[in-house]
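Work through the exercises below with the model open beside you. Each task is followed by a stepwise solution.

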Amino acid sequence: MSGVLLLAVAAAIFFFSSQTYSQQNLIPKMRTYIQEDTLARMLPDMEIEYNGKLLQAKKSPYQFTQVILRKGAHLFMYGLLACAISFVLTFYKWAKWKKAMLLYGVVISIAALDEWNQRSSFQRTSKPSDVVIDVIGATLGVAISLLAMTAFRSVKQRKINNQN
């Protein structure tokens, strides 16, 4: 089952990276749900550099929000990918450092292939910095799953101790 999850997440990553910019453009949807000035008031007064342009939250709220959401999607998808890889690796009795090396090797390979795939998608850019974001997402995913497993084990142990 964990192998199926791993394949599904990897397939989803490549599906999204194969889409054109216009297929992934969130701005038309945002315009139907929230007025530009309302969104601008909700955002902090900050700016980010993206694709060589300075995006200011207050002056370009739709573009700013879209970049944040898209980079957030990278973090989420690669966090999910790392969790799926971790689950697959639980079936192997390898040293933890070997599992970590394989996990990050797979994540970096998929991230690099994802960026390469984007190069052939219309109006999409391929950036090595996105691979860094993907690795950060994988690290967050692993950290969250480790915390969740530790909490689960702690609750389970407490129940066992209370029964005795």
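**Exercise 1. A salt bridge within one helix**

Task: Examine the contact between the side chains of Arg-41 and Asp-37, and state where the two residues lie and how accessible each one is.

Solution.
- Step 1. Note that this is a predicted model.
- Step 2. Take the distance. The side chains of Arg-41 and Asp-37 form a salt bridge at 3.6 Å, N to O. The cut-off is 4 Å, so the pair qualifies.
- Step 3. Place the residues. Helix 4 (residues 36-42) holds both Arg-41 and Asp-37. They are 4 residues apart, about one turn of the helix.
- Step 4. Check the accessibility. Arg-41 has a relative accessible area of 59% and is exposed. Asp-37 is partly exposed, at 45%.

**Exercise 2. A salt bridge between distant parts of the chain**

Task: The structure holds 2 salt bridges. Describe the one between Lys-71 and Asp-130.

Solution.
- Step 1. The side chains of Lys-71 and Asp-130 meet at 2.8 Å, N to O. This pair links distant parts of the chain: Lys-71 belongs to helix 5 (residues 61-89) and Asp-130 to helix 7 (residues 128-163), 59 residues apart.
- Step 2. Lys-71 and Asp-130 are both buried. For Lys-71 the relative accessible area is 16%. Buried means under 20%, so Lys-71 falls in that class.
- Step 3. List the surroundings. Beyond its neighbours within four places in sequence, Lys-71 contacts Tyr-50, Lys-127, Asp-130 and Ile-133.

**Exercise 3. The packing of Met-30**

Task: Which residues does Met-30 touch, not counting those up to four places away in sequence?

Solution.
- Step 1. Locate Met-30 in helix 3 (residues 27-33).
- Step 2. Read its accessibility. Met-30 has 12% relative accessibility and counts as buried.
- Step 3. Name the partners. With residues up to four places away left out, Met-30 touches Tyr-62, Thr-65 and Gln-66.
- Step 4. Compare sequence and space for one partner. Met-30 and Gln-66 are separated by 36 residues in sequence, and by 8.9 Å from C-alpha to C-alpha.

**Exercise 4. An unusual backbone angle**

Task: Find the phi of Asn-51 and describe its setting.

Solution.
- Step 1. Recall the general rule. Most residues other than glycine have a negative phi.
- Step 2. Read the angle. Asn-51 is not a glycine, yet its phi is positive, about 55°.
- Step 3. Find the loop. Asn-51 sits between strand 1 (47-50) and strand 2 (53-56).
- Step 4. Add the accessibility. Asn-51 is partly exposed, with a relative accessible area of 44%.

**Exercise 5. The overall fold**

Task: How many helices and strands does the protein have, and in what order do its elements run?

Solution.
- Step 1. Count the elements. The protein has 7 helices and 2 strands.
- Step 2. Order them. From the N terminus the pattern is α-α-α-α-β-β-α-α-α.
- Step 3. Assess the dimensions. The radius of gyration is 19 Å, whereas a compact globule of 164 residues would have one near 15 Å. Along the principal axes, the C-alpha atoms fill a box of roughly 60 × 40 × 25 Å.
- Step 4. Look at burial and contacts. Of the 164 residues, 34% are buried. Among contacts with a separation of 6 or more, 62% join residues 24 or more positions apart.
- Step 5. Finish with surface and charge. The protein exposes about 10900 Å², with 66% supplied by carbon and sulfur atoms. There are 19 positive and 9 negative side chains, and the centres of these two sets are 15 Å apart.

Methods: Residues numbered from 1 in each chain as written. Predicted model: local features only at pLDDT ≥ 70, side-chain atom pairs only at ≥ 80, totals over all residues. Heavy atoms only, no water. Rg over C-alpha atoms; globule rule 2.2 N^0.38 Å. Buried < 20%, exposed > 50% of the residue type's maximum accessible area, 1.4 Å probe, protein only. Contact = heavy atoms within 4.5 Å. Areas by Shrake-Rupley, 256 points an atom, 1.4 Å probe, with all protein chains shown as cover. Lys, Arg positive; Asp, Glu negative; His and termini not counted. Charge placed at Lys NZ, Arg CZ, Asp CG, Glu CD.
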